[in-house]
Amino acid sequence: MSVPRVAILAHGNPESIEAVRARGLSQGYPPDQVHLLFREGTRRATATAWRRRIKELDPGLVYVINTALPGCPLAVSWKLARGLPFILDTGDAVYEMARSAGTAPWWNLPLLRLGEWLSHKLARTIVVRGTRHAEFLRSQGRASVALIRDGCHSGGPPDQGAVAGLRERLGLGKDFVVGVMGSLVYSPRLGICYGWDLIQALARLRDLPVRALVIGDGNGRAWLEAQAQARGVADRVSFCGRIPYAEVPLHLELCDVALSTQTNNLAGQVRTTGKLPEYMGAGRFILASRVGEAALVLPESMLLDYHGEVDTAYPQRLADRVRELHRNPSLLELRRELPRKAGELFSYG
C-alpha cells in the first residue's frame, strides 16, 4: 500500500527539541516520502520558505509540531483553500497556558484562542503528549485524538570521566545535587519562573551540603538569579544555560534528584513535558508535583502534592523530601527502575 508524502513543519532549528521529535516520529516512515522543514530565521522568512517548499513537494499530508506561528496558520489556510489535510502535534493547552502565565498581551489572547480553536477544528487528528490532554480534548468534542508521548535519549550511559570533568567545571564538588531542566520563562501574572521552588527549597536546606543545578535559559534567568541572591544561596546554585540535546544525559548524570514541577491548573494538568522522559531514561530520582503525566507514571514516593497555580507551601514540602533523601540515600535506589519504564512509555520506536 502506498503512503502519502508528508511534510513535517518543526517550529525550531535542526538541533531543537522539535527537530528531535520530528526525527523520532518519522524514523519508521519511508525516507523518500517524509520531508522535515525547520524554522529559517524570522517567522516571516520561515513562512515564505515553507510556502515555497510545500508547493514544490505537493505533499498528501502536513504534520505540524506545536501550535505556533507560522505553521498553524499556514496549515489552516492550506486546508481551507486546497483541502490539504494536516495533523496537529501539540503538548500544551496553548491559550490556557498563555492566559495563566500572563506571557501574552491581553489583546493577543482572543487571537491565540481563535487560532488554537481553528487548528483543532480543522486538523484531521490532534496528537498530544499527555493522557489528561487527550481526555480534555475529547471532552471538548474532538473525536480524533492520539496520544504519542515524547521520547527520551536513546544513547548509552555517559562517560564517567566526562561526568567528573563537568562536575568540577560547574563547581559541584561532592555535594548532593538537586537539578531542574527547562525553559526559564518568567510569568508576570503568577510572579514565578520555572525553578522558583528549587531556589526557595535550597534556602531551607542551609545546614546540608546540597547544591542546585539549573539547566536551561530564558527571560526568567535573571529573575531566578536575583532570587538566589536575595535568599543568600547564590553561591550554591550553578546555572549552565541552554545545552545541546546530545549533552542532556551527561548533565543529568550530575543530579542526585531531578525536579518536574507543574502548576495544578488546566495548563499544568495536560502536560507531560519533554524533561520527564529524559529524567526517567537517565535513571534519575525524580521529585514531581502530583499533576499531569507525572502523577500517572511515577511511583508514589516521587510525588508531592501541589495546590493551585502558585503553592507557596510547596518549597517546604520539597525541602522536607530532599532532606529525607539526603539522610537516607538508599531511597534513591528506586530510580533504577525508571529507564525500563521509560523504554516502555517514552520510546519513538
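This text leads through the empty spaces in a predicted model, going from its cavities to one of its pockets.

Rolling a probe the size of a water molecule over the atoms shows where empty space is left. Applied to this model, the search finds two cavities of 30 Å³ or more. The largest cavity has a volume of about 40 Å³, and its lining is made up of V178, L198, A201, L202, L205, V210, R211, A212, L318 and V322. Two or more of these residues come from each of the elements α8 (196–203), β10 (210–215) and α14 (314–327). In character, the lining of the largest cavity consists of nine nonpolar residues and one charged residue, with no polar ones.

The second largest cavity, which also holds about 40 Å³ of space, is lined by S260, Q262, R271, T272, T273, A288, S289, V291, E293 and A294. Here the lining divides into three nonpolar, five polar and two charged residues, so the reader can set this division, counted by the rule that places Gly among the polar residues, beside that of the largest cavity.

Turning from cavities to pockets, the second largest pocket has a volume of about 320 Å³. It is lined by 14 residues, of which R113, E116, H120, F136 and Q140 are the closest to its centre. The helices α4 (94–101), α5 (109–122) and α6 (131–139) each supply at least two residues of this lining, and the largest share, four residues, comes from α5. Sorted by character, the lining of the second largest pocket contains seven nonpolar, three polar and four charged residues.

Key. Residues numbered from 1 in each chain as written. Predicted model: local features only at pLDDT ≥ 70, side-chain atom pairs only at ≥ 80, totals over all residues. Heavy atoms only, no water. 1 Å grid on protein atoms, 1.4 Å probe; cavity = no way out; pocket = protein on both sides within 12 Å on 5 of 7 lines; lining within 4 Å. Points joined across faces, edges and corners; volume = space filled by probe spheres on them.
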